[in-house]
Amino acid sequence: MSTTAIVGTQWGDEGKGRFCDVLAEDSDLVVRFQGGNNAGHTVVVGDEVFKFHLVPSGILRPETICLLADGTVIDPKVLCSEIEELRGRGIDTEGLKVSGSAHVIMPYHVLLDQLEERSKGDRAIGTTARGIGPCYADKASRVGIRVWDLVDRDRLARQLGQVLPRVNVLLEHLYDADAMTVDEVIDQVAPFMGTIEPLVVDGRALVMDAVASDAEVLFEGAQGTFIDLDHGTYPFVTSSHPISGAATIGTGLGPLDLDAVLGIAKSYTTRVGAGPFPAEAFDEDGDRLRESGAEFGTTTGRARRCGWFDSCMLRTAVRINSVSSLALTKLDVLDELETIRVVTAYELDGELIDYVPSDPEAFGRCVPVYEDFAGWQESLVEARELDDLPASAHNYVEAISTLVEAPISAIAVGPEREQTVWVEDPAEG
Ligand code: IMP
């Protein structure tokens, strides 16, 4: 039995959901450890497409317990509408649990996220406007509302009585918006309390017990390494830690409790929102990748910025996350290309480097150095084994593995569960 964390190694949207879904089949417990409904995981099962923002993708496996752990932030309305939609589509949500220690995205967090972004003008971060940042900011300021508070009306009223005066100063005096009263806020969240209350558990105890009893535990990361609050391109980052270390911080396990880390990397690079992106392709290459890869946001519908695979980013992400193996996604999107480019180094102020510099301004000055690979110009969607890949696809995958210094355990060649070439078991570490 083992613990495996799945993390995004780029800017999010790498295709983590489909690997979470596949690995969840053998998992007793699937845990979301950070972020909230800024995430968007798409899972395709036959003719059905499931888009998750909050609920772990493991929910499609009826035997699996799914936990929203301490490190996540939960919008009660979104959680309840996802549960309702899943139930409406015949999915058993009995296994869904929510940690009482997770923080709650309150209606004023969503409002503040929108007002803050608007006030920044052309310095806006391009957030998903879901209240993620203001909720985590309140958590760090120790004025957050947790799930324990949400499901106890008196406790919630007490907490809001302390928090709202401060929120109202911002709403009224900084943003010229209407103040909120305790009763108004409670009225907005009250319809969801009844659905959420039976789901509430001591998340840390649940995860610790699972690990102590040798259960198979999967940690489902959201977003990606380079929008990590510390290790991303600050301030163009999210407000949580989408890296593997957070699988322990966000759940209550210790750093040595992780057996394997599966890093998910798209076969090219995309980013939503603002911030430096040295490999961004502004020409028809970028347009082609966006169209073939259907690169439009699951959560916001925004067109994603596109560019070639960047091995400097991946090499850095492999180290930040202790990636034990990589899953390469959307290789089939490159099927028709004659030439495929890969960033192998950056030129930074006259020097060649092969990693992402921590200073985002220096990262913004990096000029990519490319190596060109011959495309395969045939369809990979039927490939199921390494030997099914044409020589040039094989060559591309091997070159990436060498450049980023990590083995590749799986390659996705289409959106369906079975459109995967398994090279080795990612849980082997
Ligand atoms: P926030 O997480 O909504 O605060 O947004 C901060 C930044 O992270 C913005 O650039 C978002 O576009 C980006 N972001 C947040 N969640 C995701 C995700 O799941 N995939 C890709 N980008 C994301």
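Mentor: Let's start with a yardstick: the expected span of a helix is 1.5 Å times one less than its number of residues. Keep in mind that we are reading a predicted model.

Trainee: Happy to. How many residues does helix H6 have, and what distance does it reach from its first C-alpha to its last?

Mentor: H6 runs over residues 153-174, which makes 22 residues. Its ends are 29 Å apart, close to the 32 Å expected.

Trainee: Where in H6 does a kink lie?

Mentor: Look at Val163, where the helix kinks by about 35°. The proline Pro165 follows shortly after that point.

Trainee: Which residues of H6 are buried?

Mentor: Here is the general idea: an α-helix has 3.6 residues a turn, so residues three or four places apart point the same way. In H6, the buried set is Leu156, Leu160, Val163, Leu164, Val167, Asn168 and Leu171. Their cover includes helix H3 (107-120), helix H5 (147-150) and helix H7 (182-196).

Trainee: Is helix H1 enclosed or open, and why?

Mentor: Helix H1, residues 16-24, is largely enclosed by the rest of the structure, because nine of its nine residues are buried. Charged residues are on that list too: Lys16, Arg18 and Asp21 are among the buried ones, along with Phe19 and Leu23.

Trainee: Now backbone angles. What sign does phi take at Asp176?

Mentor: Positive: Asp176 has a phi of about 60° although it is not a glycine. You will find Asp176 just after H6, in the loop between H6 and H7. Asp176 counts as exposed because its relative accessibility is 73%, and the cut-off for that class is over 50%.

Trainee: And what is the value of phi at Ala129?

Mentor: Phi of Ala129 is near 60°, again in a residue other than glycine. Ala129 sits in the loop between H3 and helix H4 (132-140). Its relative accessibility is 24%, so Ala129 counts as partly exposed.

Trainee: Which peptide bond is cis, the one from Tyr234 to Pro235 or some other?

Mentor: Omega is the angle to check, and from Tyr234 to Pro235 it is near 5°, a cis bond. Pro235 belongs to the loop between strand E10 (217-220) and helix H9 (246-249).

Trainee: Is Glu295 buried or exposed, and why?

Mentor: Glu295 counts as buried because its relative accessibility is 0%. Its place is the loop between helix H10 (284-292) and strand E13 (305-307).

Trainee: Which side chains make polar contacts with the side chain of Glu295?

Mentor: One partner is Lys266, at 2.9 Å. The side chain of Lys330 is another, also at 2.9 Å. Beyond its neighbours within four places in sequence, Glu295 is also in contact with residues including Tyr268, Leu289, Arg302 and Cys306.

Trainee: Arg302 makes me curious about the ligand. Which residues come nearest to it?

Mentor: There are 16 residues around the ligand, and Asp13, Asn38, Thr128, Thr238 and Arg302 come nearest. A polar side-chain atom of Arg302 is 3.0 Å from an oxygen atom of the ligand.

Trainee: How much of the ligand's accessible area does the protein cover?

Mentor: On its own the ligand has 470 Å² of accessible area, and the protein covers 97% of that. Backbone atoms take part in the surroundings as well: a polar one of Gly126 lies 3.2 Å from a ligand oxygen, and a polar one of Val272 lies 3.4 Å from a ligand oxygen.

Note on methods:
Residues numbered from 1 in each chain as written. Predicted model: local features only at pLDDT ≥ 70, side-chain atom pairs only at ≥ 80, totals over all residues. Heavy atoms only, no water. Helix = DSSP H or I, 4+ residues; strand = E, 2+ residues; numbered from the N terminus. Bend = angle between axes of the 7 residues up to and from the residue. Buried < 20%, exposed > 50% of the residue type's maximum accessible area, 1.4 Å probe, protein only. Contact = heavy atoms within 4.5 Å. Near = heavy atom within 4 Å. Polar contact = N/O pair within 3.5 Å; in protein donor to acceptor, adjacent residues only side chain to side chain. Areas by Shrake-Rupley, 256 points an atom, 1.4 Å probe, with all protein chains shown as cover.
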